[in-house]
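Thanks for sending this one over. Here are my notes on its side-chain contacts, set out point by point so that you can follow along in the viewer.

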Amino acid sequence: MSTPKPTIMDLTKEELAQAVKPAFRAKQIYGWIYHSFVDSFDEMANIPKSLREELNERYLLNPLTILRKEESADGTIKYLFELPDGKTVETVWLKMKEAQYNEDGSVAQEAKHTVCVSTQVGCKVGCSFCLTAKGGFTRDLTPGEIVAQVLSVKKDNDHAANRRVNIVYMGMGEPLDNLDNLAKAIRILKDEDGLSISGKRQTVSTSGISTRIDKLGQMDLGVHIAISLHAVDDELRTELIPMNKAYNIASIMDAVRRFPIDTRKRVMFEYLVIKGKNDDIASAKKLIKLLHGIKAKVNLIYFNPYPGSDYQRPEREDMVKFQQYLIDHGQLCTIRDSKGIDISAACGQLKEKTNEEKVKI
């Protein structure tokens, strides 16, 4: 099998200006890709035919093909994208707030959306609760394959380039395990001549590679960070996230304290609540002590069971008690609404379902 051509979305605008002549064409090409959402280089009407032919020879435009998608009653859409080498990744389009309308029917406030983006095919971390981990690790995504997920779901939902959207790097893979490609993708997405999504609207979620939390902070990308904590002691966290042996809770907390954040913002701590594992008040008490001195927000997440899972979804009553204990002790805490619960909601589930159906065929 021949090696697929690189995607033009791998290039920053500055790199594109070096690759095409004259250099001013780079801004025009960026506009066609990220503002007009064209499907081919041939649609770039103000680009000379000779340059369009050159681009077509050298690059893929969008490296993603929608292989499958499932839509929830709540507006969540789960995408399975095929990559040029035949591998697949998942991306999720989340409706966070409904549109609001004036009495005359005009839009008072647009609906708010978040794109949950993958950074790897598979994952090396091996979390015991994660379906993606069951398939192991295949490869890192390129910057363009990361960027294309955002562009593709915006296009598929007729979401104009200039409409705001938030990004969470919380899909398949450990973002900081693919840090260089991730950082480049963030810069491309931030470009004012592209999708112009500021760092303030981009959140990197990590299972806690403390040395790379430091490196991300030093890159000064202006992004937010979310820590997938999930446990308040190293014994349970190592069961859930084996990588905790190398990057324990203490090292993660030290790195978080060094991470540069907007003074108006907080560090998000994701806490996946699993029935009978970490949903008790004793865990809530330990969490309060652990976060002492950190400007934090805790996001409690229901574990989403999948076929063959060893863990169970917690009771609503226990979630609320846990949340209330944190709030009563001065800690900002929310319970994440379960999105897409009626579809393949767990990360990796749509990919696994598709693979199983292929086997049956």
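**Notes on rings, charges and cysteines**

1. Searching the whole structure turns up five aromatic pairs. One of them joins Y271 and F322, whose rings are tilted, with 5.1 Å from centre to centre and 35° between the planes. This pair links distant parts of the chain, since Y271 belongs to strand β12 (residues 267–273) and F322 to helix α11 (residues 316–328), 51 residues apart. Both partners are hidden from solvent in the sense that Y271 is buried and F322 is buried too. Please keep in mind throughout that this is a predicted model.

2. A second aromatic pair, F303 with Y311, is edge-to-face: the centres are 6.1 Å apart and the planes meet at 85°. Here again F303 and Y311 are both buried. If you have the viewer open, add Y306 to the selection, as ring pairs link F303, Y306 and Y311 into a cluster.

3. Two rings have a charged partner worth a look. The charged end of K124 sits over the ring of F137, 4.7 Å from the ring centre. In the other case R313 lies over the face of Y302, with 4.1 Å to the centre of the ring.

4. Next, the salt bridges, of which the structure holds 21. In one of them D85 pairs with R139, and the closest N and O atoms are 2.7 Å apart. D85 is in the loop between β2 (77–82) and β3 (88–97), while R139 is in strand β8 (residues 137–140), so this salt bridge ties together parts that are 54 residues apart in sequence. With a relative accessible area of 24%, D85 is partly exposed.

5. Another salt bridge connects E239 to K277, with 2.9 Å between the closest N and O atoms. Because E239 sits in helix α8 (residues 234–240) and K277 in the loop between β12 and α10 (281–290), the pair ties together parts that are 38 residues apart in sequence. What is the accessibility of each partner? E239 is partly exposed at 35% relative accessible area, and K277 is also partly exposed, at 33%.

6. Strand β12 comes up again with E270, which forms a salt bridge with R336; the closest N and O atoms are 3.0 Å apart. The two residues are 66 residues apart along the chain, with E270 in strand β12 and R336 in the loop between β14 (333–335) and α12 (349–360). Is E270 buried or exposed? E270 has a relative accessible area of 4%, under the 20% limit, so it counts as buried. R336, on the other hand, is partly exposed, with a relative accessible area of 30%. Elsewhere, salt bridges with shared partners join K13, K27, D191 and D193 into one network.

7. V273 is a further residue of strand β12. V273 is buried, at 2% relative accessible area. Neighbours within four places in sequence aside, V273 is in contact with N278, D279, L300, I301, Y302, F303, P314 and M319. Among these contacts, F303 is a member of the ring cluster with Y306 and Y311, and Y302 is the residue whose face lies under R313. By contrast, the C-alpha atoms of V273 and S210 are separated by 23 Å, the two being 63 residues apart along the chain.

8. T206 is in strand β10 (residues 202–206). T206 is buried, with a relative accessible area of 0%. A polar atom of the T206 side chain lies 2.9 Å from the backbone nitrogen of G208. Leaving out neighbours within four places in sequence, T206 is in contact with E174, L176, I213, I225, A226, I227 and S228.

9. Finally, the cysteines. How many disulfides does the structure hold? The count is zero. A disulfide is a covalent bond between the sulfur atoms of two cysteines. For C127, the closest cysteine sulfur is that of C130, and at 6.0 Å it is too far for a bond. C127 is buried, with a relative accessible area of 12%. C116 counts as buried as well, at 11% relative accessibility.

Methods. Residues are numbered from 1 along each chain as its sequence is written. This is a predicted model: local features need pLDDT of at least 70, side-chain atom pairs count only at pLDDT 80 or more; totals for chains, interfaces and linings use all residues. Side-chain values use heavy atoms; hydrogens and water are left out. Rings of Phe, Tyr and Trp (its six-membered ring) pair if their centres lie within 6.5 Å; planes under 30 degrees apart count as stacked, over 60 as edge-to-face and the rest as tilted. Helices (H or I, at least four residues) and strands (E, at least two) are DSSP runs, numbered from the N terminus. Buried means under 20% relative accessible area, exposed over 50%, partly exposed in between (1.4 Å probe, protein chains only). A charge sits over a ring if NZ of Lys or CZ of Arg is within 6 Å of the ring centre and within 35 degrees of the ring normal. A polar contact is a pair of N or O atoms within 3.5 Å; within protein, one must be able to donate a hydrogen and the other to accept it, and residues adjacent in sequence count only if both atoms are side-chain atoms. Contact means heavy atoms within 4.5 Å. A disulfide is a pair of cysteine sulfur atoms within 2.5 Å. A salt bridge is a side-chain nitrogen of Lys or Arg within 4 Å of a carboxyl oxygen of Asp or Glu.
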